[in-house]
Amino acid sequence: NQGSMQPYNTTSLDNGSFRFDSVSPGNYILLANHPAYANPGTNIQRFSVANASQLVGVSIQLNPLGTISGRVLDQSGKPAAGADAELFSAHTVRGRPELRRMQNASVSNTGAYLFKKVVPGKYYIAAASASRRVSRDPPGKQSPVDVSESGVLGMVRTFYPKATTVEDASVIDLAPGASMADADIHLQQAETFRIRGKVANL
């Protein structure tokens with residue numbers, strides 16, 4: 001009830017039907033949630049209840065969550081065990097893709113990864129090998145900013161299926177309740193550089 005601190009709660013039946021009894025007159029918002037379904041977000045129902053009235057046919061739609069899975073492979077086609085996989089929501093801002101990280105997943109010894117309970121929508125997937133993680137100097141050792149002048153060929157973050165930039169990556173459009181498998185990522189190599197430094201005044 002809008003303006004009231006006491007909501008009405010009920011549980012739907014197997015066929016999805018629900019019922020609220022002894023509802024006071026007023027303006028209401030209908031919300032629904034379930035662990036296997038996406039939050040309805042702005043898809044909410046607003047209605048009014050008058051004195052001695054019976055309101056029927058009120059409904060709200062929940063979209064089932066999905067999954068995305070695949071394998072992370074190196075350039076020889078072997079599993080990239082220990083890599084990290086990331087799931088990003090896809091947005092376009094001024095004609096360019098903008099990413100928001102939604103989930104992380106570990107990669108098994110067979111190269112497999114799995115993203116569970118994914119809300120329907122458009123996504124990018126990326127993976128990076130374990131060797132790409134940031135390294136830190138031992139405690140007490142201070143390093144000035146240091147940028148290597150010569151690059152070294154190494155594995156870089158790669159977007160599905162085998163792109164080194166998000167502009168060249170493929171978008172995954174996940175339908176409600178869908179399970180997308182075989183979204184394999186083939187890690188790519190590129191010239192990499194070392195950057196070291198220190199955060200001061202902490």
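Guide: Let's start with one scale: a residue is buried under 20% relative accessible area, exposed over 50%, and partly exposed in between. The model above is predicted.

Visitor: Thanks! Where does Phe 18 fall on that scale, buried, exposed or partly exposed?

Guide: Its relative accessible area is 33%, so Phe 18 counts as partly exposed. You will find Phe 18 in the segment before β1. Together with Tyr 8 and Phe 20, Phe 18 makes a nonpolar surface patch of about 230 Å².

Visitor: And how many of the chain's residues are buried, as a percentage?

Guide: Of the 202 residues in the chain, 24% are buried. On the outside, the chain exposes about 14000 Å², with carbon and sulfur atoms supplying 48% of that area.

Visitor: Which secondary structure should I look for as I turn the model?

Guide: Strands: the chain has 15 of them and zero helices. To see how the chain folds back on itself, look at contacts with a separation of 6 or more: residues 24 or more positions apart account for 69% of these.

Visitor: Which residues should I pick out in the largest nonpolar core?

Guide: Try Ile 68, Val 72, Tyr 113, Phe 115 and Ile 125, which touch the most other members among the 20 residues of this core. As for the strands behind it, β3 (66-73), β4 (84-93), β6 (112-118), β7 (121-128) and β11 (172-174) each supply at least two residues. A second core of seven residues lies apart from this one, and its members include Ala 126, Phe 159, Ala 163 and Ala 169.

Visitor: Could we zoom in on one core residue? What is Val 72 in contact with?

Guide: Beyond its neighbours within four places in sequence, Val 72 has contacts with Lys 78, Pro 79, Ala 80, Ala 83, Val 107, Gly 111, Tyr 113, Ala 127, Ile 185 and Leu 187.

Visitor: Ala 83 is on that list. What else can I learn from Ala 83 and its partner Ala 130?

Guide: They show how to read a pair that is far apart in sequence. Ala 130 and Ala 83 are 47 residues apart along the chain, while their C-alpha atoms are separated by 4.9 Å. Ala 130 sits in the loop between β7 and β8 (146-147), and its contacts, leaving aside neighbours within four places in sequence, are Gly 82 and Ala 83. With a relative accessibility of 34%, Ala 130 is partly exposed.

Visitor: How do I read Leu 153, buried or exposed?

Guide: Leu 153 is exposed, at a relative accessible area of 58%. This residue belongs to strand β9 (residues 152-156). Not counting residues up to four places away in sequence, Leu 153 touches Gln 189, Ala 190 and Glu 191. For Leu 153 and Ala 190, 37 residues apart along the chain, the C-alpha separation is 5.4 Å.

Visitor: Let's turn to the rings. How many aromatic pairs are there in the whole structure?

Guide: There are five. To classify a pair, check the angle between the ring planes: under 30 degrees counts as stacked. Tyr 28 and Phe 47 have ring centres 6.0 Å apart and planes at 20 degrees, so this pair is stacked. Tyr 28 lies in strand β1 (residues 26-30) and Phe 47 in strand β2 (residues 45-49), so the pair ties together parts 19 residues apart in sequence. Tyr 28 is buried, at 4% relative accessible area, whereas Phe 47 is partly exposed, at 22%. Tyr 8 joins Tyr 28 and Phe 47 in one aromatic cluster.

Visitor: And how many salt bridges does the structure have?

Guide: The count is three. One of them pairs Asp 21 with Arg 19, at 2.7 Å from N to O. Here Arg 19 is exposed, at 58% relative accessible area, and Asp 21 is partly exposed, at 49%.

Visitor: Which residues are joined into one salt-bridge network?

Guide: Follow Glu 86, which meets Arg 101 at 2.7 Å, N to O. Glu 86 is in strand β4 and Arg 101 in strand β5 (residues 96-106), so this bridge ties together parts 15 residues apart in sequence. Glu 86 is buried, with a relative accessible area of 7%. Arg 157 also meets Glu 86, at 3.1 Å, N to O. Arg 157 lies in the loop between β9 and β10 (158-159), so its bridge to Glu 86 in β4 ties together parts 71 residues apart in sequence. Arg 157 is partly exposed, at 27%. Through shared partners, Glu 86, Arg 101 and Arg 157 form one network.

Conventions: Residues are numbered from 1 along each chain as its sequence is written. This is a predicted model: local features need pLDDT of at least 70, side-chain atom pairs count only at pLDDT 80 or more; totals for chains, interfaces and linings use all residues. Side-chain values use heavy atoms; hydrogens and water are left out. A nonpolar core is a set of buried Ala, Val, Leu, Ile, Met, Phe, Trp, Tyr and Cys residues joined through side-chain atoms within 4.5 Å. Buried means under 20% relative accessible area, exposed over 50%, partly exposed in between (1.4 Å probe, protein chains only). Helices (H or I, at least four residues) and strands (E, at least two) are DSSP runs, numbered from the N terminus. Contact means heavy atoms within 4.5 Å. Rings of Phe, Tyr and Trp (its six-membered ring) pair if their centres lie within 6.5 Å; planes under 30 degrees apart count as stacked, over 60 as edge-to-face and the rest as tilted. Patches are made of residues with over 30% relative accessible area and no salt bridge: like charges are joined within 9 Å, nonpolar side chains (Val, Leu, Ile, Met, Phe, Trp, Tyr) within 5 Å. Accessible areas come from the Shrake-Rupley method with a 1.4 Å probe; for residues, only the protein chains shown count as cover. A salt bridge is a side-chain nitrogen of Lys or Arg within 4 Å of a carboxyl oxygen of Asp or Glu.
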